[in-house]
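Work through the exercises below with the structure in view. Try each task before you read its solution.

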Amino acid sequence: MSNLSLGLPQTAGAALAAQALAPLTHSYLRFSLGQQPALLPTRQVQEAIATPAASITPMPNMPPALLGLINRRSRVLWVVDLALLLGLPTAYPNSQQYHLVLLQVGTVTLGLRVSQIDGILSLPPQHLQPAPTHVPPGLVPFLRGCVLQEGEVLLGLDGEALLRAPALQAL
């Protein structure tokens with residue numbers, strides 16, 4: 001039976017089909033940590049922004065992964081270099097501007113510096129697979145799983161696990 005025979009315009013039928021498929025996929029923010037692509041569930045992402053490096057105030061005597069504080073929408077937030085936090089090599093071509101993913105889990109919000117923000121990716125839950133053996137063991141506690149897409153491994157990160165990172169326990 002077509003949408004027209006139901007008396008629905010084509011756009012309404014498409015909207016109903018999208019709603020029917022919505023539970024079958026999960027939405028992720030895709031970003032890069034140097035050469036390593038990664039994902040965070042969009043339900044754990046408050047926003048993704050680009051901001052001048054000068055807007056982050058460094059704090060003395062903090063671990064190297066903690067870049068400092070930023071004032072965002074009248075809230076003061078910690079900013080963390082996500083690659084350093086995860087023990088990955090870092091390479092930032094433009095250090096005058098930071099790409100930040102604002103991670104929000106419950107009432108806690110944390111800025112994560114990433115190399116690049118690549119967009120939104122929708123995936124069926126079964127695409128998230130266990131981490132392959134070549135993933136460094138230090139990353140495993142922070143992973144929900146990995147996605148193999150077009151020959152590359154995307155790290156499916158867990159925001160709650162990131163907030164439990166040892167370097168952040170001093171906050």
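**Exercise 1: A leucine in a loop**

Leu139 lies in the loop that connects E8 and E9. The model is a predicted one.

Task: Decide whether Leu139 is buried or exposed.

Solution:
- Step 1. Take the relative accessible area of Leu139, which is 2%.
- Step 2. Compare with the cut-off: buried means under 20%.
- Step 3. Leu139 is therefore buried.

Task: Find which residues Leu139 is in contact with, leaving aside its neighbours within four places in sequence.

Solution:
- Step 1. Contact needs heavy atoms within 4.5 Å.
- Step 2. The residues that pass are Leu86, Leu88 and Leu155.
- Step 3. Look at Leu86 again: along the chain, Leu86 and Leu139 are 53 residues apart. Their C-alpha atoms are separated by 6.1 Å.

**Exercise 2: The sheet with E8 and E9**

Task: Work out why one side of E8 and one side of E9 are left without a neighbour in the sheet.

Solution:
- Step 1. Write down the strand order of this open sheet: E8-E1-E2-E10-E9. Its five strands pair in a mixed way.
- Step 2. Go to the edges, where E8 (116–123) and E9 (143–149) stand.
- Step 3. Each has a single partner strand, so one side of each has no neighbour in the sheet.
- Step 4. Add the turn: neighbouring strands here are at 30° to each other on average, direction ignored.
- Step 5. Check one pair. E1 (residues 26–33) runs antiparallel to E8, with seven bridges between them. Ser32 has Gln116 in E8 as its bridge partner.

**Exercise 3: The sheet with E3 and E4**

Task: Name the strands at the edges of the sheet E3-E6-E7-E5-E4.

Solution:
- Step 1. This sheet is open, has five strands and shows mixed pairing.
- Step 2. E3 (45–52) and E4 (66–72) stand at the edges. Each has a single partner strand, so one side of each is left free of a neighbour in the sheet.
- Step 3. The average turn between neighbouring strands of this sheet is 30°, direction ignored.
- Step 4. Follow E4 to E5 (residues 75–81): the two pair antiparallel over six bridges. Opposite Gly68 stands Val79 in E5.

**Exercise 4: The largest pocket**

Task: Describe the lining of the largest pocket by class.

Solution:
- Step 1. Note the volume of the largest pocket, about 150 Å³.
- Step 2. List the lining: Trp78, Val108, Thr109, Leu110, Leu163, Leu168 and Leu171.
- Step 3. Sort by class: six are nonpolar, one is polar and none is charged.
- Step 4. Find the main contributor: E7 (residues 108–114) gives the most, with three residues.

Note on methods
Residues are numbered from 1 along each chain as its sequence is written. This is a predicted model: local features need pLDDT of at least 70, side-chain atom pairs count only at pLDDT 80 or more; totals for chains, interfaces and linings use all residues. Side-chain values use heavy atoms; hydrogens and water are left out. On a 1 Å grid over the protein atoms alone, a cavity is a set of points where a 1.4 Å probe fits but cannot get out, and a pocket is an open set with protein on both sides within 12 Å along at least five of seven lines; lining residues have an atom within 4 Å of a point. Grid points are joined across faces, edges and corners, and a volume is the space filled by probe spheres set on the points. Helices (H or I, at least four residues) and strands (E, at least two) are DSSP runs, numbered from the N terminus. Ala, Val, Leu, Ile, Met, Phe, Trp, Tyr, Cys and Pro count as nonpolar, Asp, Glu, Lys and Arg as charged, and the others, Gly among them, as polar. Two strands pair if DSSP finds at least two bridges between them. Axes are lines fitted to C-alpha atoms, for helices over the stretch in contact, and angles run from 0 to 180 degrees between N-to-C directions. Buried means under 20% relative accessible area, exposed over 50%, partly exposed in between (1.4 Å probe, protein chains only).
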